[in-house]
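These are my notebook entries on strand pairing and nonpolar packing. I set down each item as I looked it up.

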Amino acid sequence: MAGLSSSSSGGGGGGGWSLGRCSHAVVRALPESLRQHALRIEKGQEVDFARAEREHQLYVAVLKSKLGLQVLELPADESLPDCVFVEDVAVVCEETALITRPGAPSRRKEVDAMKKALESLNLNIIEMTDENATLDGGDVLFTGREFFVGLSKRTNQRGAEILADTFKDYAVSTVPVYDSLHLKSFCSMAGPNLIAIGSTEAAQKTLKTMQQMSDHRYDKLTVPDDAAANCIYLNIPGKGHVLLHRAPEEYPESAKVFEKLKDHMLIPITNTEMEKVDGLLTCRSVLINKTSEL
């Protein structure tokens, strides 16, 4: 398939300079069904729904008011308990959006509202219709230069091949995900060329595999807590490097690592309730950079 390998291949892409450029975001309201019926790796504490809603409202307010993005807010659907986690149903790069086929069958209908939202932004829409393919956006790490796709319980090789066919300008490499839900359960981009990575053996092993597959040398920012390695990097005109990261009251040691990033505007975000159902910071938005007119 185009540009897909379990070692590096394909084009060099955009050189990483455009990483984090963003004009629009798509988010979705929380259904009350999330409390009882959202998927989770292991049964744990019950979600405090009122608190979860407050956390989500603050998250959306940061994107909209603090950073000035155009935010499309989709309504909740009670029949889709996981629908707030919009990242999994679309991968957007430049003006192209790949509507995924989520690995969990209960999440497949989440794509419908996302497709309409992305069509309203006049993006070039590609739909993953192959019934042998699964792909969750939480398994897709775009570095600005290339894609890494985690092969997990939710994402398979065929899904990765379709992603490679969709974004032919970029190299696409697959990496196995062992002990986590998604690739981005323990890593994300924290800046141009900078990968935030958790400290567990599994996380470090995956990063080593990614480094071996890439023609490019990435810097790494190791944080003590895997979940805190999931952060959101944005490059906003007039604001520069912006990083949404987990709040110090949740992960104090990891927050100290982020606080050393002196070139970034740092915005701590609380995510306590969402994490109970395996939701991390990147999960709740699809970020888009519209360069052409709507």
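The entries below concern a predicted model.

Entry 1, a β-α-β unit. I began with strand β8 (residues 146–151) and found that it pairs with β9 in the parallel sense, over 6 bridges. Within this pairing, glutamate 146 stands opposite alanine 171 of β9. I then followed the chain through helix α4 (residues 157–166): β8, α4 and β9 together make a right-handed β-α-β unit. I also checked the burial of β9 (residues 171–176) and noted that 5 of its 6 residues are buried.

Entry 2, nonpolar cores. Which residues touch the most other members of the largest nonpolar core? I found Leu183 and Met210 in that role, in a core of 28 residues. I recorded that β10 (187–191), β11 (194–197), α5 (201–213) and α6 (252–258) each supply at least two residues of this core. I listed the contacts of methionine 210, leaving aside neighbours within four places in sequence: Leu141, Phe148, Val175, Leu183 and Ile195. Another core, of 18 residues, lies apart from this one and includes Val60, Leu63, Val71 and Ile236.

Entry 3, an open sheet. I traced 3 strands in the order β13-β14-β15, with mixed pairing. The edge strands are β13 (232–236) and β15 (265–269), each of which pairs on one side only. From one strand to the next, I noted an average twist of 20 degrees. Strand β14 (residues 240–246) pairs with β15 in the parallel sense over 5 bridges, and arginine 246 has isoleucine 269 in β15 as its bridge partner. Finally, I looked at helix α2 (residues 49–66), which lies across β13, β14 and β15 and runs at about 155 degrees to β15.

Notes:
Residues numbered from 1 in each chain as written. Predicted model: local features only at pLDDT ≥ 70, side-chain atom pairs only at ≥ 80, totals over all residues. Heavy atoms only, no water. Buried < 20%, exposed > 50% of the residue type's maximum accessible area, 1.4 Å probe, protein only. Helix = DSSP H or I, 4+ residues; strand = E, 2+ residues; numbered from the N terminus. Pairing = 2+ DSSP bridges. Right-handed = clockwise from strand over helix to strand, strands pointing away. Core = buried A, V, L, I, M, F, W, Y, C linked by side-chain atoms within 4.5 Å. Contact = heavy atoms within 4.5 Å. Axes fitted to C-alpha atoms, helices over the stretch in contact; angles between N-to-C directions.
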